[in-house]
Amino acid sequence: MYRARDLHFPNVTKLVAVKEMINMAPDPLVRQTIVQNFEREANLLATLNHPAIPRIYDYFSEDDRSYLVLEFVHGKDLEAIISDTNGFLPEEQVLSWGIQLCDVLSFLHGHKPDPIIFRDMKPSNIMINSNGDVVLVDFGIAKTFQSGQKGTMIGTEGYSPPEQYRGEATPLADIYSLGATLHHALTRRDPRLEPPFSFAERPLRKINSRISPELEAVVSTALQYNPSERFAGATEMKDALMGVARKTGALSKIATTSIAPAGGIKPIWTFKCEDEVRGTPLLHQGVLYIGCYDNNLYAISAADGKFQWKYATEGGIVSRPAFYEGNVYFGSEDRRLHSISARTGNVVWTYFADGRIHSSPRIADGHIFIGSDDQSLHAVNLNTGRRIWKFDADDQIRSTPFIANELIYFGSESGAFYALDFRGTMKWRFQAKRSITSSPIAAGQSIFFASVDSTLYCLDARNGWAIWRYRLGKGSVSSPALSEDYVFVGAADGFIYCVESHTGKEVWRFRTEHQVTSSPVVYKDSVYCGSVDGNLYCLEYRTGRQRWKFETKAAIIGSPIVFDDIVYIGSTDHQVYALLA
Amino acid sequence: MFEFFRKLFSGNGEEAPNERAITAPLSDQQIQSIVYNQNVQFETQQLIAAIGQSVGKQREHNEDSLVAITATLAGKASNIPFGLYIVADGMGGHQFGEVASNAAIRVVSGYIMRKFHPYLFTIPTQQPEESLQEIMESAIKESHRVIQKDAPGSGTTITAALIVGQQVTIGHVGDSRAYAMHPVGRLEQLTRDHSLVKRLEELGHLNKEEAANFPHRNVLIRALGQGESLEVDVFTIPFPQNSTLMLCSDGLWGVVAEQDLLRSLSDAPNLQRACQNMVSAANTAGGPDNISVILVQMIG
């Protein structure tokens with residue numbers, strides 16, 4: 001293996017790994033087979049796109065040598081990590097790698113048309129990169145599995161399951177080898193120095209008593225002699241490991257230890273305003289609308305960040321715009337709700353509240369609903385800009401109303417949370433201990449919001465009874481996001497939290513370097529959220545593992561939006577960024 | 001051949017007379033029952049519930065306990081349904097199995113009802129401090145302590161459903177079960193058994209068939225009154241729509257097949273009879289254990 005520099009890119013240092021194989025076989029037929037095997041590895045790797053599998057750039061053969069040019073993985077292999085560590089590796093660390101290895105195995109085993117069996121899972125084939133994440137290397141013998149086919153015996157003694165010695169390779173063989181790898185990492189006992197298949201005689205906790213019984217059970221299931229007694233697949237094993245992590249609380253530790261240095265993420269474009277951008281953008285038909293503390297609302301082309309128009313108000317804009325039939329609606333600290341033409345940026349009408357507007361408009365049923373510092377929720381006619389009614393709360397309303405079940409939900413700075421019907425009559429009210437700046441979101445029959453009283457609430461959307469309360473480390477003005485069975489929210493203690501929506505139990509938490517006032521956004525299998533530490537984070541939403549982060553030059557207070565694989569975010573460094581999701 | 005196709009696609013050609021249609025005039029009774037069934041309307045949602053219990057055919061003592069409380073809560077805008085339903089199955093091998101299940105029912109329902117007392121019987125002046133899930137969890141943990149003090153060595157399962165409005169909060173320890181019985185004839189288990197056999201199945205040591213024949217099917221890995229700390233499963237779901245909520249002990253679910261449980265419900269004219277049908281089905285199958293069942297529906 002060589003470490004090399006790619007000269008195609010003279011201006012940047014791009015490191016690649018070059019794998020060299022010298023072909024010394026005298027028989028031309030054998031030589032040809034070896035080259036074919038090499039090229040098969042190259043072709044196989046080239047089709048695989050997964051963060052834990054190195055990318056392949058090129059391959060070639062010259063005389064009796066063949067070369068494979070791969071992504072260079074900064075880091076250390078697991079075997080070296082095990083032998084260089086004094087004492088045992090922490091359980092949560094090994095658990096986190098185990099979960100990631102299950103992920104990549106499910107990816108390989110789910111390969112179409114035929115599953116790929118890695119066949120050589122062992123510590124020396126696992127790189128831990130500088131982010132602390134696993135990367136599988138040496139696909140030399142990874143083999144597309146054809147059912148019923150007997151292969152030749154390849155694999156590393158000690159890590160290979162009994163059936164591999166009989167020439168069978170199935171996804172369950174990889175499960176066994178993963179079990180053996182985890183066993184090695186947790187006990188420091190190299191299975192190559194032990195009698196084959198003797199793991200049952202060396203239970204984890206007998207060697208390392210600090211390991212949880214739950215993890216011991218999972219590893220022992222993976223190491224069953226009889227394949228049918230192991231996990232049915234890598235996904236099942238991952239679920240079991242996740243279960244251990246949830247139970248032992250390891251997941252939160254995993255998430256907090258995997259802070260990675262800022263990667264080489266380059267924005268697609270940036271757009272500079274004249275003051276801080278604290279608001280959240282709206283994207284409609286290729287145009288990004290975003291408010292700024294230079295008092296302007298900007299319309300920017302989403303494709304290239306080109307300026308379209310701006311509309312000046314007389315106050316800072318934090319309100320997130322809403323779109324309806326050709327017009328854009330938003331509030332400003334100039335106490336007005338503005339309706340302007342999305343195409344030209346010309347004013348259609350303005351509506352005066354009696355206080356500054358930090359809330360964002362919500363449109364339903366021909367009305368706009370918006371809160372104001374004048375302590376009222378205003379219902380305004382969309383076409384005329386005239387007031388239909390207003391509801392007087394007992395404090396400023398900075399929360400953005402949410403509409404579901406024919407009710408309007410919002411919080412106030414007094415800590416009161418209201419549910420109104422479309423006539424502006426209160427249906428129920430709930431009292432938190434401190435202000436509710438966070439904007440609610442409903443799913444099914446539950447409504448979720450956070451409060452400065454350090455609690456994430458789940459209420460019954462129909463009657464306001466508290467279903468569960470989740471304790472945050474500090475208060476929160478971040479608005480929750482939902483996905484499947486999870487609720488995500490940020491808090492002033494710097495964490496982004498993931499909580500199960502039916503039980504209010506923590507799934508993971510991720511530590512940023514400063515307060516999180518930004519609201520998370522879920523897109524595909526990632527959650528995106530800004531932090532006052534200046535970074536936009538992209539996390540894997542099931543585990544809280546960091547995928548990447550992007551650093552702006554000042555605090556991020558607003559929230560991102562994601563559309564067509566592009567994330568848009570404003571920062572108090574005066575810029576708006578478009579990044580590849 | 002052509003005739004065959006014409007029959008198949010008769011919709012395109014002339015109408016084929018439907019020979020199966022019965023057009024005989026309906027009796028007054030039939031008409032009344034149709035009209036009656038079409039006019040079932042309840043302005044506000046409400047709960048109906050029924051219970052069934054039997055000592056079974058082979059035990060001398062009843063170690064199961066249950067409670068069913070159905071009410072409404074006076075809300076600000078409207079009255080909302082309130083219900084508390086609990087099944088507890090005292091552990092047979094231990095002394096005082098009935099003492100344990102009885103204590104579980106008394107302590108848990110007492111704790112929860114005290115929390116709801118102001119909302120049920122006086123005019124509430126302020127919001128409840130705790131959430132429904134916190135109330136449920138504290139109630140079960142309190143009963144755990146009481147059982148350890150009053151009946152040391154004994155144990156019990158508990159499956160409790162607290163309904164406020166249209167959502168059910170379920171607290172669960174052991175191998176009694178909560179099910180949603182769906183009208184299409186499907187039984188959905190809402191709780192997860194804390195039993196050795198289920199654990200081994202989850203760990204992949206046993207497949208379904210081996211699990212069914214596992215000799216220690218009644219060994220629990222979590223029970224109220226047993227062990228130092230207790231982990232309680234608590235979750236909240238919308239009340240299963242157009243379905244029936246069933247709570248029962250293993251004297252019912254372990255003995256009567258799912259299909260027979262569903263049939264007991266669909267064949268019965270009302271919930272009370274459905275409970276009796278289920279209890280008789282368990283006794284007909286030998287009645288090896290105490291039998292407890294609660295059925296709850298939300299109407300309106």
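Trainee: Which residues touch the most other members of the largest nonpolar core?

Mentor: In this predicted model, they are I86(B), A104(B), V108(B), A161(B) and V293(B), in a core of 169 residues.

Trainee: What makes this a nonpolar core?

Mentor: Its members are buried residues of kinds such as Ala, Val and Ile, joined through C-beta atoms within 7 Å, so the set earns the name. In soluble globular proteins, nonpolar side chains tend to be buried together.

Trainee: And what is A104(B) in contact with, beyond its neighbours within four places in sequence?

Mentor: Its partners there are S65(B), A88(B), S143(B), I147(B), T156(B), I158(B) and L224(B). Each pair counts as a contact because the C-beta atoms lie within 7 Å.

Trainee: Where does A104(B) sit, and why is it called buried?

Mentor: A104(B) belongs to helix 3 of chain B, where the buried residues also include I105(B), V107(B) and V108(B). The word applies because a buried residue has 20 or more other C-beta atoms within 10 Å of its own. The cover over the buried residues of this helix includes strand 2, strand 3, helix 4 and strand 4 of chain B.

Trainee: How do you know that helix 3 of chain B is close to its expected span?

Mentor: Set the two values side by side: residues 97–121 reach 34 Å from first C-alpha to last, against 36 Å expected at 1.5 Å a residue.

Trainee: Where is the kink in that helix?

Mentor: At K115(B), shortly before the proline P118(B), with a bend of about 45 degrees. That angle is taken between axes fitted to the seven residues ending there and the seven starting there.

Methods:
Residues are numbered from 1 along each chain as its sequence is written. Chains are lettered from A and ligands numbered from 1 in the order in which they are written. This is a predicted model: local features need pLDDT of at least 70, side-chain atom pairs count only at pLDDT 80 or more; totals for chains, interfaces and linings use all residues. Helices (H or I, at least four residues) and strands (E, at least two) are DSSP runs, numbered from the N terminus. The expected span of a helix is 1.5 Å times one less than its number of residues. A residue is buried if 20 or more other C-beta atoms lie within 10 Å of its own, exposed if 12 or fewer, and partly exposed in between; C-beta atoms are placed from the backbone. Two residues are in contact if their C-beta atoms, placed from the backbone, lie within 7 Å.
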